[in-house]
Amino acid sequence: LCGLNILRQMEELISITAKQNSPRGQNLMNLKLPQKDYYRKCPWKEHKHAETGKIYFYNSDTKESTWTEPEDFTKIKEEIKKLEEKEAQADNSEKEDEEKDTEKKEESEGEEIVYETKEDAKNAFKQLLKDKSVPSTATWEHAMKQISTDKRYNAIPKLNEKKQAFNAYKTQKAKEEKEEERQAAKEAKEKLYEYLISHPHMNSNLLYRKAHETLESHKEWSVVPERDRKDVFEDAIFFLSKKEKKEETELRAKQKEELAILLEDVKEISYKTTWADAQEVLSSYKPFKNNILFENIDKEDMLVVFMEHIKALELDFEDEKQKK
């Protein structure tokens, strides 16, 4: 700290810890230098009054003294406090690591476990292999390096029985790994399918070659083998084709419905109006011309709606005629 007494306390803490042959001690040794720098750079020093014993502060540069703790002095104390907290955290972390190491050592060096049955012993040995993540392709020599220090290694006393249990484990592990691979492949295909049917550039007319050029750098596409990828692509195209047809049918129905409502308001069209004249009227009729719903309306659908409208107008005309 800026005060001599605080600095001495810090240096004593550091020197004690640094004696330990550990990274923690080395870290504290590194922290000594910035603390000394703080002390040298700070012109304020903490002193005790000879008569009253009260703490006061003296600035060696300006020759100024004050009973109130200077702001610069306070700031440096806060910096050193942060260093102390950092060191305390490192110390706690080291203690936790040491406790874990001790627990592991005690576990491996503890008393031999006695199993009630031979089957229990085999299961314990296989569980050891599983806990150490020994793969199905591992050799006995490779597995030995991973499991020999665990007390469960001695669950099966005879070497040939150990190897039998090891081979049985490998067979089961191979089945599990194959199932995991199958499940992962299935999930990858499902993700690709969802990705394709929701991709903005996908449509039912897109060729596989063009899709590959666009999507080959995408993870969802690349992780699936090509044979499976083509199957998923075809399924997506089939789905999109059905979806597009449904959307087209719904759009055409909506267009016809809206056109029928619009014709009711077009006074220029009567029961005598021809289809050719009606098209000319509609082409300049703003509610029709400016409605994006009618941009790609099918001409045959328009004709059907027009004919139904004319038929209704003719019936209205005949009714009026009879009333008169």
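## Loops with a positive phi

S133 sits in the loop that runs between α4 (118-131) and α5 (140-147). In this predicted model, S133 has a positive phi of about 55°, although S133 is not a glycine. That is worth a pause, as most residues other than glycine have a negative phi. Is S133 buried or exposed? With a relative accessibility of 53%, S133 counts as exposed, the cut-off for that label being over 50%.

K63 tells a similar kind of story in another loop, the one between β2 (55-59) and β3 (65-66). Here too the residue is not a glycine, yet K63 has a positive phi of about 65°. Its relative accessible area is 57%, so K63 is exposed.

## An arginine tucked into a loop

Let us move along to R152, which is found in the loop between α5 and α6 (159-198). R152 has a relative accessibility of 17% and therefore counts as buried, since buried means under 20%.

Which residues does R152 touch, once its neighbours within four places in sequence are left aside? The contacts of R152 are Y115, A124, F125, Q127, L128 and D131. If you have the model open, α4 is a good place to look for some of these partners, as that helix covers residues 118-131.

## Where α10 meets α12

Two packed helices are described by the angle between their axes and the distance between the axes. For helix α10 (residues 275-284) and helix α12 (residues 299-323), the axes come within 11 Å and cross at roughly 110°. Angles of 65 to 115 degrees count as roughly perpendicular, and α10 and α12 are therefore roughly perpendicular to each other.

On the α10 side, the contact is made by W275, A278, Q279 and L282, and these meet K299, M302, L303 and F306 in α12. By character, the residues of this contact divide into 6 nonpolar, 1 polar and 1 charged. The polar one is Q279 and the charged one is K299.

## A cavity and its lining

Rolling a probe the size of a water molecule over the atoms shows where empty space is left. How many cavities of 30 Å³ or more does the structure hold? There is 1, and the largest cavity has about 30 Å³ of space in it.

The lining of the largest cavity is made up of H199, H201, M202, L206, A211, T214 and L215. These lining residues split into 4 nonpolar and 3 polar, with no charged ones. The polar group consists of H199, H201 and T214, while M202, L206, A211 and L215 are nonpolar.

Definitions and conventions
Residues numbered from 1 in each chain as written. Predicted model: local features only at pLDDT ≥ 70, side-chain atom pairs only at ≥ 80, totals over all residues. Heavy atoms only, no water. Axes fitted to C-alpha atoms, helices over the stretch in contact; angles between N-to-C directions. Helix = DSSP H or I, 4+ residues; strand = E, 2+ residues; numbered from the N terminus. Parallel < 35°, antiparallel > 145°, perpendicular 65-115°, else oblique. Contact = heavy atoms within 4.5 Å. 1 Å grid on protein atoms, 1.4 Å probe; cavity = no way out; pocket = protein on both sides within 12 Å on 5 of 7 lines; lining within 4 Å. Points joined across faces, edges and corners; volume = space filled by probe spheres on them. Buried < 20%, exposed > 50% of the residue type's maximum accessible area, 1.4 Å probe, protein only.
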